[in-house]
Amino acid sequence: PDLPRWLAQARAFGHESYLMLPIEDLGTAERGIRPIDSAADAAENLRRLRLAMARGAGYVGLVVSSPNPVSQSETILRPLVKEIADRGLALVEINPTRETTQRLTSELGAGYARSADVLDYKLAGESVLGNLDRLADWVADATPGRPPRHAFGVMQPDDEAIDAIVAWRKGLRDRSTISFVPLIG
């Protein structure tokens with residue numbers, strides 16, 4: 001409900017923000033956002049995307065959680081990815097199951113990243129600290145002679161999750177293989 005304040009606060013601290021692409025979710029509709037719907041026509045879905053994007057400013061991309069009927073359909077997804085690319089935004093896909101989104105972002109010129117690492121406890125069912133440790137261990141387990149590993153995780157801006165990540169970060173002094181960088185970087 002206070003998205004502009006969250007986005008401004010993130011920018012003030014040098015963080016990048018992403019909006020969740022509202023897709024066929026009853027919870028989204030309950031919050032007054034018309035979700036992208038596989039039953040709606042392309043013009044209506046574009047209108048809904050633009051309304052969602054107009055709720056704030058300063059974000060660098062959108063996040064889509066897969067699988068869902070929208071991300072599985074090139075016909076539905078193509079005009080949405082084109083709009084995102086035309087605005088110079090990136091698309092992050094969580095739990096991708098097909099290559100449709102990645103292929104379209106490449107074809108249409110949008111930045112793309114994918115991850116199955118959901119870090120905040122509400123979505124992942126584990127603690128933020130445990131998920132960060134698991135991700136850091138995977139990155140640190142490099143194979144000699146190969147490029148260093150990199151990975152990213154996704155979390156919502158929840159006070160408890162943010163507090164947990166700050167506390168975890170303070171304990172990284174003795175783990176020189178880990179660094180935090182913006183996803184766009």
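**View 1. Helices α7 and α8 lie oblique to each other.** This is a predicted model, and the first close-up looks at how the two helices meet. Their axes cross at roughly 45°; an angle that is neither under 35 degrees, nor over 145, nor from 65 to 115 counts as oblique, and α7 and α8 are therefore described that way. Helix α7 covers residues 128-140 and helix α8 covers residues 159-170, with the axes coming within 9 Å. The crossing of α7 past α8 is right-handed.

**View 2. Side by side, here are the residues where α7 touches α8.** From α7, the contact takes in Val128, Leu129, Leu132, Asp133 and Ala136. Helix α8 contributes Ala161, Ala164, Ile165 and Trp168. Sorted by character, the contact between α7 and α8 holds 8 nonpolar residues and 1 charged residue, with no polar ones.

**View 3. Four strands make up an open, parallel sheet.** Follow the strands across and you will meet them in the order β1-β2-β3-β4. The edge positions belong to β1 (18-20) and β4 (111-115). Each of these has a single partner strand, so one of its sides is left without a neighbour in the sheet. From one strand to the next, the twist averages 25°.

**View 4. Strands β3 and β4 run parallel and are joined by bridges.** Zooming in on this pair, β3 spans residues 90-94, and 5 bridges connect β3 to β4. One bridge to look for links Leu91 with its partner Tyr112 in β4.

Conventions:
Residues numbered from 1 in each chain as written. Predicted model: local features only at pLDDT ≥ 70, side-chain atom pairs only at ≥ 80, totals over all residues. Heavy atoms only, no water. Pairing = 2+ DSSP bridges. Helix = DSSP H or I, 4+ residues; strand = E, 2+ residues; numbered from the N terminus. Axes fitted to C-alpha atoms, helices over the stretch in contact; angles between N-to-C directions. Left-handed = near helix turned anticlockwise from the far one by under 90°. Contact = heavy atoms within 4.5 Å. Nonpolar A, V, L, I, M, F, W, Y, C, P; charged D, E, K, R; others polar.
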